[in-house]
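This report describes a few backbone and packing features, residue by residue, for a reader at the bench. Please keep the sequence and the structure in view while reading.

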Amino acid sequence: MFLINCPYCGERDQHEFKAGGEAHIERPKQPTELSDDEWAEYLFMRKNIKGVQFERWNHAHGCRKWFNMVRDTSNDEIKLIYKMGEKPPSE
Amino acid sequence: MLNYNNVLKDELNHNGLSIREISPVMKLNLRGKRREFFTTVGKNLNMLLPTEANTSSVSDKLTSIWLSPDEWMIVSNETVQKDSNRYELEESLYNNISKTNLGAVTDVTDQFVLLELKGENIFELFASGSPFNFNEFREKKGSATQTLLNNIDVIIHHKDKNLISLFVRRSFSQHLCSWINDSASRL
């Protein structure tokens, strides 16, 4: 169990949130020009690394807003939380 | 208010804690973020919407509860007529906000059930079923939050000392009341 600092509501329990997968995956500008492999790469392939990862989270049982989180997946340490649309910090 | 059965027929009393349903009460959901939205709502409601997180504001007739940076719930302080589902305020907000594309107005009167909890050990009851930290919340009159209670989404409004308004979706209300009844009896 860990606490997440929602950028809108403040510190809340993890149970109020839903993880929304890897953040900052850009939709291809011309999807029709992609090969099947490239499309599958965009759609399905995720880094899923052990270590610091950029993720999207949703405060599902609170304000229902999405935000970004930088989290160490090996120990659940939250490095940074920032709003949607804000630029990610340089790795 | 449509012809719904009350969730609680009688007031529940356990260990100095009383729970009763208050109905019918008008509840409106407001969404919007532009400056014109705030000024128009302010003129229609005769009150300012709270912009600080987890707070509420109260006037003679209405209470507005912060739900998210662009979402509020407006609740009438008094009960309304049971035989009608039309409210003057909703109509004027709809005409001035929804129709002018400043935001959205949704009538959630029948969607949410309002329970009033009274007593000294309300927060002990909440602590037995909610992951929310009520330490600051219980000290501050007017604070409001959306959280989980027995894994059910609820809106909790700290109306006054030892007085809480709890909003729960109608389909979950029976289940929540059963849990409250059981949990309060063990406090």
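In chain B, B:Pro24 lies in the loop that runs between strand E2 (17–21) and E3, and the peptide bond leading from B:Ser23 into B:Pro24 is cis, its omega being near -10 degrees. The model is a predicted one, in which local features need pLDDT of at least 70, side-chain atom pairs count only at pLDDT 80 or more, and totals for chains, interfaces and linings use all residues. Residues are numbered from 1 along each chain as its sequence is written, while chains are lettered from A and ligands numbered from 1 in the order in which they are written. Helices (H or I, at least four residues) and strands (E, at least two) are DSSP runs, numbered from the N terminus.

**Backbone angles**

Most residues other than glycine have a negative phi, and most peptide bonds are trans. The table lists residues with a positive phi.

| Residue | Phi | Place |
|---|---|---|
| A:His24 | near 60 degrees | loop between strand E3 (18–22) and helix H1 (36–43) of chain A |
| B:Asn46 | near 65 degrees | follows H1(B) |
| B:Asn151 | about 65 degrees | loop between strand E9 (144–149) and strand E10 (152–160) of chain B |

Exposure is judged from C-beta atoms placed from the backbone: a residue is buried if 20 or more others lie within 10 Å of its own, exposed if 12 or fewer, and partly exposed in between. A:His24, with 10 other C-beta atoms within 10 Å, is therefore exposed, whereas B:Asn151 counts as partly exposed because it has 14 C-beta neighbours inside 10 Å.

**Helix H1 of chain B**

Helix H1 of chain B spans residues 35–45, and its buried residues are B:Phe37, B:Val41 and B:Leu45. They lie on the same side of H1(B) because they cover an arc of only 45 degrees around the axis, the arc being that of the directions from the helix axis to the C-beta atoms. An α-helix has 3.6 residues a turn, so residues three or four places apart point the same way. The face turned away from this buried side carries the exposed residues B:Arg35, B:Thr39, B:Gly42 and B:Lys43. The cover over the buried residues includes strands E3 (27–31), E5 (62–68) and E6 (71–76) together with helix H2 (88–98) of chain B.

**Chain A as a whole**

Chain A has 1 helix and 6 strands, arranged along the sequence as β-β-β-α-β-β-β. Of its 91 residues, 15% are buried.

Definitions and conventions: Two residues are in contact if their C-beta atoms, placed from the backbone, lie within 7 Å.
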